[in-house]
Amino acid sequence: MPNDSFAIRLREARRMRKLSMDKLIELADFVVTKQSLSRYERGVMRPHANVLSALAKALDISEEYFLGTNLNINIPMLRTTSGGKLQEDVLTAIEARLSFWTERLIAKEREAGIFEEFKNPIEDVQVSSLEDAIQAANLLRQLWHCGDGPIASVLRLLERKGIKIMEDELPADIYGLSTWADHRLPLIVVDTRLSKTTADRLRFTAAHELAHLLLSFPPSSDLSEEKRCHKFASFFLFPKSAFIEEMGGEHRDELTLEEMIDLKELYGVSIAAQVHEAWDLRMISREHYDWWYDKNINKNRLEKGWGVYAFPETVGRERRVDARIKKNVK
């Protein structure tokens, strides 16, 4: 039974619009039967030109979307816990949803009179080492006027700076991904389901993907690109100078759970990330770092009972664009 990206793109577009097959058929003026639509989505057959045009109109998307030529989107950057590769059809489905969402958002922004061009403020920054990652995080916070204190909402900050963020249900071991559309529009996808992630993990994922988008990573024998993104994320969320001040100095014999819970609730940074940062700065010994992981963190990966970052991490740009369009229509 043949299958291709068209079948996946049609199915994902219908799901993104939250339409049943029957409803899509109705919106397409009944130019297609349910049996035929099912065959299209299974890759058994392809629609004629007039049917394709009707489906595109019903889904409020271009015909080029079905061909994969509406936007140039690649998905090379995935934050995963397994290190394994995703199946090709899963990647195609993710790319289809991202392509569908991005095309429609761009169209909405144009209708609302929003025109902006993203400029990477640190495009020339090369990150080869841990210290480079720390300096890059500090520089970006400076250029974005974040100060050295907590960032209340990372997702809202990124939206405000021109990065388009889509919420999506990603595979079990994928927390987020990032890429560019047409080499000019920065895109981040995050899975915000509370059953899968926590606020501090979501914040770290967003900062990690931000590093993939903005930084240049020359080959490094010591740190992989993923590790350098991890380091950037940690110090972007909790700057070096603030961390040292909050911890009361550059060297500590031990870290207490109580103080890190307090800082987690303030900065939205996990206990695990704080222990990592303390070791990165050589604030604590390797023995104390290992003790924290062996005796505590490895036994409580979700950090249950170790504080909660209360400020909600949400996205809002698309809703505001929709509101502007609605007002303009009136």
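## A pocket, a cavity and a helix pair

The second largest pocket of this predicted model has a volume of about 590 Å³. Its lining counts 24 residues, and those nearest the centre of the pocket are Met 16, Trp 101, Met 166, Glu 167 and Glu 318. Four elements each bring at least two residues to this lining: helix 1 (5-16), helix 6 (88-111), strand 2 (164-167) and helix 15 (317-329). Helix 6 contributes the most, with 6 residues.

Now for the enclosed space. How many cavities of 30 Å³ or more are there? The count comes to 1, and the largest cavity holds about 30 Å³ of space. Around this cavity sit Glu 116, Glu 117, Phe 118, Gly 162, Lys 164, Leu 185 and Pro 186.

Here are the residue classes of the two linings side by side.

| Lining | Nonpolar | Polar | Charged |
|---|---|---|---|
| Second largest pocket | 7 residues | 1 residue | 16 residues |
| Largest cavity | 3 residues | 1 residue | 3 residues |

Let us turn to a pair of helices. Helix 13 (residues 271-280) and helix 14 (residues 286-295) have axes that come within 10 Å and cross at roughly 165°. Angles over 145 degrees count as roughly antiparallel, and helix 13 and helix 14 are therefore roughly antiparallel to each other. Their crossing is left-handed. On the helix 13 side, Ile 271, Ala 272, Val 275, His 276 and Trp 279 take part in the contact, meeting Arg 286, Tyr 289, Trp 292 and Tyr 293 of helix 14. By class, the residues of this contact are 7 nonpolar, 1 polar and 1 charged.

Conventions
Residues numbered from 1 in each chain as written. Predicted model: local features only at pLDDT ≥ 70, side-chain atom pairs only at ≥ 80, totals over all residues. Heavy atoms only, no water. Axes fitted to C-alpha atoms, helices over the stretch in contact; angles between N-to-C directions. Parallel < 35°, antiparallel > 145°, perpendicular 65-115°, else oblique. Left-handed = near helix turned anticlockwise from the far one by under 90°. Contact = heavy atoms within 4.5 Å. Nonpolar A, V, L, I, M, F, W, Y, C, P; charged D, E, K, R; others polar. 1 Å grid on protein atoms, 1.4 Å probe; cavity = no way out; pocket = protein on both sides within 12 Å on 5 of 7 lines; lining within 4 Å. Points joined across faces, edges and corners; volume = space filled by probe spheres on them.
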